[in-house]
Amino acid sequence: MTSGGIGRSVSAWAAGAFALFGGAAWANPEPNQLNMTKGVAEWSPYAMHMVALWVCVVIGIVVFGAMFIAMFRFRKSRGAVAEKWSHSTKLEVVWTVIPVIILIFLAHLATGGLTSFADTTNSEMTIKVTGYQWKWRYDYVDYKGKGVDKVGFMSKLEETSNRTRQLKSNLDPAKIQVDGYSTYLLDVDKPLVVPTDTKIRFVIVGGDVIHSWWVPALGWKMDAIPGIANAAWTKIKEPGVYRGQCAELCGQDHGFMPIVVKAVPKAEFEQWLAAQEDEAKVQKAAQTAQTVQAAPAPAPQG
Amino acid sequence: MAHAATHDHHDHHGAPKGFFQRWVMSTNHKDIGTLYLIFSLTMFFIGGAFAMVIRAELFKPGMQLVQPYFFNEMTTMHALVMIFGAIMPSFVGLANWMIPLMVGAPDMALPRMNNLSFWIMPFAFLLLLSTLFMPGGGPAGGWTMYPPLSLQGESVAYVIFAVHLMGISSIMGAINIIATILNMRAPGMDLLKMPVFVWSWLITAFLLIAVMPVLAGAVTMLLTDKYFGTNFFNAAGGGDPVLFQHIFWFFGHPEVYIMILPAFGIISEIIPTFARKPIFGYRAMVFAIASIAFLSFIVWAHHMFAVGLPMGAEIFFMYATMLIAVPTGVKVFNWVSTMWGGSMTFETPMLFSIAFVILFTIGGFSGLMLALAPADFQYHDTYFVVAHFHYVLVTGAAFSIMAAAYYWLPKWSGNMYSETWGKIHFWSSVISVNVLFFPQHFLGLAGMPRRIPDYNVAFANFNMISSIGGFWFGASQLIFLGVVIHCVFFSKKKAADRSWEGAKGLEWTVPSPAPFHTFDVPPVIHDDELAHGNTEH
Ligand code: HEM
Ligand SMILES: [Cu+2]
Ligand SMILES: [Cu+2]
């Protein structure tokens, strides 16, 4: 490794260590990232994760501390003589009750998180997500109370990553970058475009086997299961490109079906959506023209 | 001893001479215990070899060694072999060897069934492993076998038959253990004077009997869905893929406790021995095991927080799961209190036990975090979960088994193992296992899903560290093999009957090595010779 490389990784470590204790907003995985992202959405489990983590750290220090003191003080080689006691009701009550109190506190936090997550009412738009082996399909269902006309597309691993990830391709994954960030296996041909500051309801289903739609920056994952329509929501606060992957084993290319969400300001989104709708219309018109020419007698509709 | 002429000579003296007679036809709990232990050690190395393939492919970004489908076969087989082939049978082996010795029984209650439950296992695993060499390959849908994915495999029927065989073996083993413990204790060995290890196995055996049939049912439904046109889990036919997950985890969560309760028992025997102080809160320890076992039946859906359960269900399973932390905490606190005020020495079994307490607790911490459903929406199916279950299973279950092996090897073989090499094995293992699994917490939190053969460059460093730890840990286990072989065949140092200064309990009253038959006549029990004879303090 060059000294530049070492320098870079040292500073990345420092950034990571800072983030663990100080907190920083990562949207996408950083080299040597140690902790969960705070995310960019209104709903985020980050705070609860940190509380739980610190609770565990403190309990760990107390318990392991006591253990190390015991191992130091009560060793035979230091002449320790074993005592005979093996019971203390008082102590046992204490270390049953204290954990219960801590757990009630954590349960209270988590219940709040669950209730707000489960509430998909008042959403301003709906997107249907379908998992396939091994790509995603996005259909825009409605936006601001109006149905969206035929906007939907497949989204799959982008071609350079796909070529690089072939067995013994001898291509260098580190070369695949956008703005200095590695996007190897985390980039798609066509991202999901969504508006910021909008409560978006996702309806998530599986097309063949079970998949799981996960973008860490949005704070959750939700399984995409055949025959079941799962609901989840997000409200993205900052524009940006947020990357994720399928999180449920779905066959050989499970590792190769990334998710990219591009969040843009509302106005920009509306323009984009209108353009997509127009395009869909043009396509549809072209298709009908073709069908009319090729098959004057329309097939009977069942 | 003068023996009655009516008795068959072999009944009272050494083992049968012929290899086939002795090992294949065995009905002796010690020999069958040995068979189980050898089998599980073999499986440990086979499952370990699969893990080496996984870690080698994950050494750096890009696909260098295997095709993604084969990678999935490796993760699936690794888990199945380690769970059903390494951890579970080794606990059964320890039960076979030690339970009769600990309760003063001459053998297991059902010796012929004991033979059968062991000899089913090699065939089950031959069947399972043979799928790797078949066209279409082995199972690649994960050890959890979720449909519809698992039904895409070509090896479904083989795997399911193998699982059935393992299940039958486990159930028979469990029946045998319950029958032995409840009926064959020497007079005076009251239930509440039994070693904690025996208690833990009694409870585990009930768990096994309760949930192995559930697994059998789940996989049979898979089988009929695949070959007989049923639609239990097929949404297109009106079935429900999530139903499988409910049934599977109704088995699966108790299953993970099947793999840790006997470990709790082992640790509860070893720590008092080397602290030279009775276990703290014997009754609380037993009660904690029982309550963990009970709770394990009502927490299964914590593996399913991301399948979109109704909120009420998520809340119920979250609370129930968090409750398990209470009895688990009691156990940890009691082990620490057992050490407090003792007179400790640190032979290899004790080192493994201390590492167990610390590292299992770290696995418990991540378990508690995973129990918080909203946070699990992030953690689920990432390397954070992988780190969690390897802390509880490798540094938990597997470390306890190694502790047990070092602890009882002198009794089994009559020789002392090499303490120096035992310690080298310990330190090498305990350092490498943390290099292997600790960074996986970071990977999971940073967003790396589990069960993927390749990953973004941002995850490269920790994966490389983890792989190095993996190879190192794998190599360290060869030391273990060496220590065991040396101890059994070459060690010159004879073990005393009571091999450890602070050891109490009936197993230390018989000679080392334990003769082929022990306790033909029930021992006379003196409470103060038992590890837990006087629990009233
Ligand atoms: C304090 C006690 C524990 C708690 C609260 C706990 C909690 C959990 C939770 C919530 C999960 C699901 C994580 C996810 O998939 O998102 C999980 C996974 C798992 N746990 Fe634990 N756990 C505990 C102890 C144990 C023990 C003792 C074992 C085994 C010895 C164990 C083995 C596993 C395994 C194997 C999985 C992963 C299963 C899979 O998806 O393949 N856990 N645990
Ligand atoms: Cu997938
Ligand atoms: Cu569980």
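In which helix of chain B does B:His388 lie? In this predicted model, B:His388 belongs to helix α13 of chain B. Through its NE2 atom, B:His388 is the only protein donor of the iron atom of ligand 1, at a distance of 2.2 Å. A polar side-chain atom of B:His388 also lies 2.9 Å from a nitrogen atom of ligand 1.

The surroundings of ligand 1 extend well beyond this donor. In total, 22 residues surround the ligand, and the closest of them are B:Trp143, B:Asp376, B:His380, B:His388 and B:Arg450. Two of these residues make polar contacts with oxygen atoms of the ligand: an N or O atom in the side chain of B:Asp376 is 2.6 Å from one oxygen atom, and a polar side-chain atom of B:Arg450 is found 2.9 Å from an oxygen atom. Two or more residues of the shell are contributed by each of the chain B helices α7 (241-258), α11 (348-371) and α13 (383-413). Helix α11(B) provides the largest share, namely six residues. By residue class, the shell consists of 13 nonpolar, seven polar and two charged residues.

A second metal is placed beside the iron. The copper ion (ligand 3) and the iron atom of ligand 1 are separated by 4.6 Å. Three histidines coordinate the copper ion, B:His253 through ND1 and both B:His302 and B:His303 through NE2, at 1.8 to 2.1 Å. The spacing of these donor residues in sequence is H-x48-H-H. Because B:His253 lies in helix α7 and B:His302 in the loop between α9 (282-295) and α10 (311-339) of chain B, the pair ties together parts that are 49 residues apart in sequence. Burial was also assessed for these two donors. B:His253 is buried, with a relative accessible area of 5%, and B:His302 likewise counts as buried, at 14% relative accessibility.

For chain B, an unreviewed UniProt entry lists residues 23-526 as "domain: Cytochrome oxidase subunit I profile". This span is 68% helix and 0% strand, and its end C-alpha atoms lie 35 Å apart.

Chain A is divided into domain 1, residues 46-118, and domain 2, residues 125-284. The C-alpha centres of the two domains lie 42 Å apart. In an unreviewed entry, UniProt lists residues 51-72 and 93-118 of chain A under "transmembrane region". Residues 51-72 are 100% helix in the model, with the end C-alpha atoms 31 Å apart. Residues 93-118 are also 100% helix, and here the end C-alpha atoms are 37 Å apart.

Particular backbone geometries were found in both chains. In chain A, a cis peptide bond with omega of about 0 degrees joins A:Gln133 and A:Trp134. A:Trp134 is located in the loop between β1 (125-132) and β2 (135-143). A:Lys168, a residue other than glycine, has a positive phi near 55 degrees. Its place is in the loop between α4 (159-164) and β4 (177-178) of chain A, and at 56% relative accessibility A:Lys168 counts as exposed.

In chain B, B:Ser512 and B:Pro513 are joined by a cis peptide bond with omega of about -5 degrees. B:Pro513 lies in the segment after α15 (460-490). B:Phe519 is found in the segment after α15 as well, and its phi is positive, at about 50 degrees, although B:Phe519 is not a glycine. With a relative accessible area of 11%, B:Phe519 is buried.

Key: Residues numbered from 1 in each chain as written. Chains lettered and ligands numbered in written order. Predicted model: local features only at pLDDT ≥ 70, side-chain atom pairs only at ≥ 80, totals over all residues. Heavy atoms only, no water. UniProt positions renumbered as here; feature names shortened; annotations may be inferred. Helix = DSSP H or I, 4+ residues; strand = E, 2+ residues; numbered from the N terminus. Near = heavy atom within 4 Å. Polar contact = N/O pair within 3.5 Å; in protein donor to acceptor, adjacent residues only side chain to side chain. Nonpolar A, V, L, I, M, F, W, Y, C, P; charged D, E, K, R; others polar. Domains from an automatic or database assignment. Donors = N, O, S within 2.8 Å, 3.2 Å for Na, K, Ca; no water. Buried < 20%, exposed > 50% of the residue type's maximum accessible area, 1.4 Å probe, protein only.
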